Amino acid sequence: MASLDHMRWRNLCGRVGLGEEEDTFSRLQSKYEQRHRKYHNARHINDCLAYLDASRHSEMDNPLVEYALWFHDAIFNTFSSKNEERSAEWAAMTLRRGSAGPEACKFVRSLIMATRHGEVPTEPPHRLIVDIDLCILGVPSDRFAEFEDKIRQEYWWVPGKAYRRKRMAVLRSFLDRPSIYSTKEFRERFEEQARANLRRSVEELGR
């Protein structure tokens, strides 16, 4: 099982004006190790941070974007529709303990709420964090199949027919967009493969 990067967390805390927040790191690690998480775990967070590091985006060095990535799936309960909201509140509450002002807390909340993927983001930092979260859609087909299987395991309690219908709706919502990715670099890197993966999965779910 993957673990979060402790040294990276300590460095980030300094960049956003927090103390080392050892208890918060331990709580995050514990959350991302929860047994019901098959995809939304520490590996996902580490992958997101790796995509951030490799990005050429103007916001890639913004510590609040990285901070939001650490927290964006901190609360994950497949029976709830308020996971992002609760994750955002935890992130903001922690940030308030440091030197960050209300605007920084509001900004972090908005970044995390953008990962609900209800609408296409318009602001550069929101475009970056959303594209990073969606990178999994554009990975090679075998990895995408593994991702889809893990999502199904997380929603084990949803009856098969209902799951297929709802999952198809989610995947089609991305296919219906003029572009899945909002930034040029992620679009060039992932768009074509993401569309192929999504079309294949929708077809399989519809059988």
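**Exercise 1. Determine whether Ser182 is buried or exposed, and describe its surroundings.**

Solution. Step 1: Ser182 has a relative accessibility of 14% and therefore counts as buried. The classes are defined as follows: buried means under 20% relative accessible area, exposed over 50%, and partly exposed in between (1.4 Å probe, protein chains only). The model is a predicted one, in which local features need pLDDT of at least 70 and side-chain atom pairs count only at pLDDT 80 or more, whereas totals for chains, interfaces and linings use all residues. Residues are numbered from 1 along each chain as its sequence is written, and side-chain values use heavy atoms, with hydrogens and water left out.

Step 2: Ser182 is placed in the loop between helix 9 and helix 10. Helices (H or I, at least four residues) are DSSP runs numbered from the N terminus.

Step 3: Leaving aside residues up to four places away in sequence, Ser182 touches Val120, Pro121, Arg127, Asp131 and Arg187. Contact means heavy atoms within 4.5 Å.

**Exercise 2. Locate Arg187 and state which residues it touches, not counting residues up to four places away in sequence.**

Solution. Step 1: Arg187 belongs to helix 10, residues 184–205.

Step 2: With a relative accessible area of 32%, Arg187 is partly exposed.

Step 3: Outside the excluded sequence neighbours, Arg187 is in contact with Ser179, Tyr181 and Ser182.

Step 4: Between the C-alpha atoms of Arg187 and Cys135 the separation is 9.7 Å, and these residues are 52 residues apart along the chain.

**Exercise 3. State how many salt bridges a search of the whole structure finds, and analyse examples.**

Solution. Step 1: The search yields 18 salt bridges. Such a bridge is a side-chain nitrogen of Lys or Arg within 4 Å of a carboxyl oxygen of Asp or Glu.

Step 2: One salt bridge pairs Arg8 with Asp53, with 2.7 Å between the closest N and O atoms. This pair links distant parts of the chain, 45 residues apart: Arg8 is in helix 1 (residues 6–15) and Asp53 in helix 3 (residues 42–54). Asp53 is partly exposed, at 44% relative accessibility.

Step 3: Lys82 and Glu85 form a salt bridge through their side chains, at 3.9 Å from N to O. Both partners are partly exposed: Lys82 at 39% relative accessibility and Glu85 at 43%.

Step 4: A salt bridge also joins the side chains of Glu89 and Arg109 at 3.5 Å, N to O. Here too distant parts of the chain are linked, since Glu89 lies in helix 5 (residues 83–95) and Arg109 in helix 6 (residues 102–114), 20 residues apart. Glu89 is partly exposed with a relative accessible area of 35%, and Arg109 is partly exposed at 28% relative accessibility.

Step 5: Arg43, Asp47, Arg143, Glu146 and Lys150 are joined into one network by salt bridges that share partners.

**Exercise 4. Describe the backbone and burial of Glu21 and His117, each of which has a positive phi although it is not a glycine.**

Solution. Step 1: The phi of Glu21 is about 50°, and that of His117 is about 65°.

Step 2: Glu21 is in the loop between helix 1 and helix 2 (22–32), while His117 is in the loop between helix 6 and helix 7 (124–133).

Step 3: Glu21 is buried, with a relative accessible area of 16%; His117 is likewise buried, with a value of 16%.

**Exercise 5. Identify the contacts of His126, not counting residues up to four places away in sequence.**

Solution. Step 1: His126 is part of helix 7.

Step 2: Its relative accessible area is 14%, so His126 is buried.

Step 3: Beyond the excluded sequence neighbours, His126 touches Phe107, Ser110, Leu111, Ala114 and Pro121.

**Exercise 6. Determine which residues form a nonpolar patch on the surface and which form a positive one.**

Solution. Step 1: Patches are made of residues with over 30% relative accessible area and no salt bridge; like charges are joined within 9 Å, and nonpolar side chains (Val, Leu, Ile, Met, Phe, Trp, Tyr) within 5 Å. Accessible areas come from the Shrake-Rupley method with a 1.4 Å probe.

Step 2: The nonpolar patch consists of Phe79, Trp156 and Trp157, which together have about 400 Å² of accessible area. Trp156 lies in the loop between helix 8 (141–154) and helix 9 and is exposed, with a relative accessible area of 60%.

Step 3: The positive patch consists of Lys161, Arg164, Arg165 and Lys166. Lys and Arg count as positive, and the place of a charge is taken as NZ of Lys or CZ of Arg. Lys161 is in helix 9 (residues 160–175) and counts as exposed at 67% relative accessibility.

Terms used
Helix = DSSP H or I, 4+ residues; strand = E, 2+ residues; numbered from the N terminus.
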